[in-house]
Amino acid sequence: MAHEHHIPSARFMTIILGLLLTATALTVYTALKIDLGQVGNLIIALLIAAFKAALVVGFFMHLHWDNRFNACVLLYCLIAAGTFLLFTTIDMTSRGAVDPWRAVTTPPPLVDNARERAIADGRLDEHGNPVDEHAEDHGHSAESDGTDHGADHGADENVSH
Amino acid sequence: MISTLAYIPELLLASAAPQTIKLGVGLSRQSSTLAANHDLLFWFITWLCVFFFVLLMGLGIFFTIKYRRRPGVPQQRCVAHNTPLELLWSLGPLVILIGIFFWAFDLYMDAHVAPAGAEEVTVVAQKWNWSWTYDNGAATREFANVANTDVPVFAVPAGKPVKLIMTSRDVIHALYVPDFRTKIDVFPGRYTTLWFEAMEAGEEHYLFCAEYCGDQHSQMAAVIKVLEPGVTAGGPPANIPWQDELYGDWKSRMAFDDRPLKEVGATLYITKACNSCHSIDGSVGTGPSWLNVYGSEEKITGGTTVTVDENYIRESILVPAAKIVEGFSNQMNSFQGQLTEREIMALITYIKSLSEEGRVELEAAPAE
Amino acid sequence: MTTTTAHDNGHHGHHDVSYLKPKGGALVTIWDWMTTIDHKKIGVMYLFATLLAFFVGGVFALLVRAELLFPTVTNAAGDVTGQIFDPSTYNRLFTLHGAVMVFLFIIPSTPAALGNFLLPLMIGAKDVAFPRLNLLSWYVYVFGSVVALIAIGLSGVDTGWTFYTPYSTSTEGEHWQVVFMTLGVFILGFSSIFTGMNFVVTVHKLRAPGMGWFDMPLFVWAIYATAIIQVLATPVLGVTVLLLTLERVFQIGFFDPALGGDPVLYQHFFWFYSHPAVYIMILPGMGIMSELVGVHARKKIFGYRAVAFSSMGIAAISFIVWGHHLFTSEGELVSAIFSFLTFLVAIPSAIKVFNWVATLYKGSIAINTPMCYALAFLFTFSIGGLTGIYLGALAVDLHLHDTYFIVAHFHYVMMGGAVIAFLGGIHHWWPKMFGKMYDERAGLLGFTLVFIGFNLTFFPQFLMGANGMPRRYATYVADYEPFHQASTIGSWILLAGFLVHLGAFIHSLVAGKPAPANPWGGLSLEWEAESPPIEHNFAHEPVIHHGPYDFDDVVPPHCDPADYPLPEPIESDSVAPGKHAH
Amino acid sequence: MTTIPAHDNENAGAANWERYRHQPHWRNNQDEYDAAKFGMWLFLSTELLLFSGMFVAYTIFRIMHTETWGNASHHYLDWRIGAINTVVLLISSWTMVMAIRSAQVNHQRALRFHLVVTILCGLFFLGAKVGFEYLPKLAKGEVPGSAFDYIGSHGYVPSDYDPLFLGLYWVATAIHGSHVLIGVGLLTWCLLRAGKKHFGPKHFTALENVGLFWHLVDLIWIFLFPLLYLVG
């Protein structure tokens, strides 16, 4: 069996690159200029990204001319990831369907802690407004490491429902 | 280990502890309205499985004996697949199982949809104890010994649905009442609900924590006591008459507990589960022991030392992480907003009563 | 049948000696084994490593059972009885029992030990597709185990083998233990991925000429389905454990509500891998079962295609049922969907059991240790499978979730299924792997002890669980004491059974009789090779003349026809002893 | 992917890639090549599933905290850096394809040139990400968890779930960045082997597999860029 690999022509590949770059420009343009609401923007962005992904997978990764089995592997992988996404999303969105109590969540205290620290060391005045005179961000570097367990772990009682 | 060996004869011979709760092999008592329907499905599945199991094992053992290998006797030729038979034994069980699915889903929805007008009780689970608060503010003060620990007894009315609205203060727990055949996880930062209707008044039921939550997960139990929803015994206009039966005398004075501070402190030591970490006999647990702690010098992580006085105890109750005694980890939840001023004083008085210096101070200036 | 010209590469001369023959002094042999890319040697190394892990996990299990012999009681005098370990040590014991058994033993055991050894032999290949990747998979397994052992050395974790958050991300005093254990699991995941990749490509590309998909033994089908699950599910465990470590170290907050995340999201991440993982555990066991029942009953497997496709069916459906582990924590709509799909996944397993029992019909059933384990598998796996129906039914799961009923169910499926099949498989292929026979009487004694001990340990747990005994309890209400005592006594009998097997294996290695090439009269390709097989498996490339289960038409290789008489052909146009007579 | 046995070098003047012979357990080079590519696609599917975890978390948190996602991404992330990085990665994918093509037509110099350009693009991507995004964010305390120390600026008050969004941003881009780093390492290895003429019309398996990995890294970024930087 001779090696009958399909060798793509340079011109064809450059056209594909051109398509990809224009699609990138298009997605940036639509994101900044056109506002179709959060869901609309998401769908447009995902469609363009899917088109670019198809170009890369189909031609740059040679899947179009490969034997069918590599495409099957990619397909099974996307189906598995899709199932994972689908059922997890159904669960997370339908949590309060039967009993509204189950959809109530309490926000984490992280931002409040940051604001209290800022008030304590003077970057904010007591009721949380930025101190005006030299308002440039001289924020000190993050605490030594992320493992500081100072924050109270139990979500305290300020339930907003 | 040695001490255990010495007790083996006694433990083996002693019948299981006096059975407050009847427990037969055929599932514990059916004490909630849903338990009966659940057991119907449970036994249907059981007999279905027994039938198929006996059929399969019978055939297997029969074939093994009938066709055991005898020297010189070959196996008999026979067809190696039979599509109708194979279809039968794959679609047949499927139909039965789908039937079980719908039956179970129907019961599941009954268990998850609380009837209107159910008694609402707020339940807070935290590392290693349950605390129920009824909607008129009453909380339990009665205890029972379950699995070697003092656990609270919660009252529920007979014949009236009760809906528990639950959240956790630290990790995931799960409220499980075997006799009511129902269970739901309790999440931090989120609410979950569970409802049941107890049938027989006067019965007591175990309540276990079913989601692993740490060291004393097996001690995080409680007892549910079912009461006659009796007529109000002349107490204040509580809108839940059945509570008066259990707490009649105590409930009316719930707001202001005129018992001596030391006694109230001793009760809080159990109801707020201080006993799960702080011992009063000197033994070191997850937290320092309270015996002879009042007035003593304690070394704090970070090198400073502090005398254990009223302010230190109050600060450790409200902001535990502030000054942690050397060698202990920051595991204590804050009790901010959970204890009235008088209750904090009661706890301080109780701690004082546990040390010589404290007792001297109490005689000198009674706290009342 | 195409007979290919057996072309052998040049340097085949000194390769037709047993793969076990040392190549020189002790050091040379050790170096040869440490750097081998021979699938047989890697399979044997995996076998001994996973058996060692099994005994370590087993010790933890025995300590757990010993603690539960008596409930903890503080009598009037204030001294505590019935407690060997304090609760936090007990929690570490059951966590490490779970973690060691799942990640170090049962996931790699059959696929990597027996699968590595037998897959190339059964499809007539010289080695797996990527031999060096196979060795890398072994060293990643060793490295991952070492990292996990570091965590155990540092006093271990007490979060349960499921590492549920926010407990696992907020326990005090265990920071580095949890980080090391999760990193160990992350590394072990890659060992599973590499093995899975290797087997999928091997089955596709390296089958002997003339061996179609339906001429392969059913063990190869099961290993192929397991490999697909390993490739598609293990990465999600990788990302879950990686996120858990990052959450623990950098507080990224995906799973801890105090940082904005959602613990149920972690449970979805974890169980999306862990349910397919339980099929990684049982499918190879089912593959072994098809071989054992076929060879020892000398009967063509009833419904070969049904059994093969049910392996693939299990692999496919296993990805859409993970939610039945979350029935008490997820929403109602998705619980209903998962409960319905869970009943679908029960069907392929049921089909397999029905086919195995049908295979026994009109067979010639030999009673030896492998066949005893096969019949025991039918008994215990049926109980394990049938009790799954209780847990798939939503209402009953509300009662039984996180009780000892669940502990009994998964032990009946994992130990009663995968471990008993693994023991049957080890006995079945022991002569082929080591060229030595094991002592039949010791095997049967070990089997009897294991069977009795297993059932005595885990059947009382069904009763306890149905009566509401919750899981992972260091002490319990006195009402459950008789069940716990029966279970603990059963665990001692189980220990005795495994020690008998260990002694029999060691005796066989040291002083066993040399084994014939085909002791059981098997027809699949591995029985055509010598025992133990030569370096390149087959002197000349095997040619496929008959299917793996054509016992009615073909006298097994290396066997005396008198021992394996053939039934006379049926008078009507008898099925010619063709290649695909199925 | 195999090293050429040393003793083959001296007896033939032809370049190494001509004398490559398949491993003993294969029947011919074509089978080995197909198997290697099939194995690589299996590995790529495991990488995709690794990132699927990130995309599932993104979707769930976007649905649960839509308003935070609405303005957080515009405030914290600068789309210009993202756009430049996307263009750089697309160009590097193109040069990768040209590298494989030159190997197939035996233009050894073009092969080395394209490999170098791809490596430079990768390094630029990493430099831009760390220099323009990670370090300034660290300085301003825009990090997840209790180290979150950002108090908002120009009238933007951080919402409760901003640390979560930042957690997602940091984890997704850091894991993607580590894969870009691994890709650059693999490309350097290919460059060294290209120098010894290991790749040619008859043997370029390793080069193509590294190319597939590099395209995968670009593929992940094609989805990460709009989801994190643009749409928010």
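**Exercise 1.** Find where α6(D) is kinked in this predicted model, then check its length and its burial.

*Solution.*
Step 1. The kink lies at Leu224(D), shortly before the proline Pro226(D), and amounts to about 30 degrees.
Step 2. Helix α6 of chain D runs over residues 205–231, which is 27 residues; at 1.5 Å a residue these should span 39 Å. The C-alpha atoms at its ends are 38 Å apart, so the span agrees with the expected value.
Step 3. For burial, the criterion is 20 or more other C-beta atoms within 10 Å of a residue's own. Of the 27 residues of α6(D), 24 are buried, and the helix is mostly covered.

**Exercise 2.** Apply the length check to helix α15 of chain C and state what follows this helix.

*Solution.*
Step 1. Helix α15 of chain C covers residues 440–466, and its 27 residues should span 39 Å at 1.5 Å a residue.
Step 2. Its end C-alpha atoms are 39 Å apart, which agrees.
Step 3. Just after α15(C) comes Gly468(C), with a positive phi of about 100 degrees.

**Exercise 3.** Describe the contact between chain C and chain B from the side of chain C.

*Solution.*
Step 1. Count the residues: 88 of chain C are in contact with 85 of chain B.
Step 2. Assign them to elements. Those of chain C that each supply at least two residues to this side include β1 (73–74), α3 (87–106), α12 (369–392) and α15.
Step 3. The largest share comes from α11(C), with 13 residues.
Step 4. Sort by residue type: this side of chain C has 54 nonpolar, 22 polar and twelve charged residues.

**Exercise 4.** Do the same for the contact between chain D and chain C, from the side of chain D.

*Solution.*
Step 1. Chain D gives 25 residues and chain C gives 31 residues.
Step 2. On the side of chain D, the elements with two or more residues are α1 (29–64) and α5 (162–195).
Step 3. α1(D) gives the most, with 14 residues.
Step 4. By type, this side of chain D divides into 15 nonpolar, eight polar and two charged residues.

**Exercise 5.** Which parts of chain C have pLDDT under 50?

*Solution.*
Step 1. Start from the whole chain: the mean pLDDT of chain C is 90, and 95% of its residues reach 70 or more.
Step 2. Residues 1–12 of chain C stay under 50, and the model has 16 contacts for them beyond four places in sequence.
Step 3. Residues 574–582 of chain C are also below 50; this stretch has 21 contacts beyond near neighbours in sequence.

Note on methods. Residues are numbered from 1 along each chain as its sequence is written. Chains are lettered from A and ligands numbered from 1 in the order in which they are written. This is a predicted model: local features need pLDDT of at least 70, side-chain atom pairs count only at pLDDT 80 or more; totals for chains, interfaces and linings use all residues. Two residues are in contact if their C-beta atoms, placed from the backbone, lie within 7 Å. Helices (H or I, at least four residues) and strands (E, at least two) are DSSP runs, numbered from the N terminus. Ala, Val, Leu, Ile, Met, Phe, Trp, Tyr, Cys and Pro count as nonpolar, Asp, Glu, Lys and Arg as charged, and the others, Gly among them, as polar. The expected span of a helix is 1.5 Å times one less than its number of residues. The bend at a residue is the angle between axes fitted to the seven residues ending there and the seven starting there. A residue is buried if 20 or more other C-beta atoms lie within 10 Å of its own, exposed if 12 or fewer, and partly exposed in between; C-beta atoms are placed from the backbone. pLDDT is the predictor's confidence in each residue, from 0 to 100.
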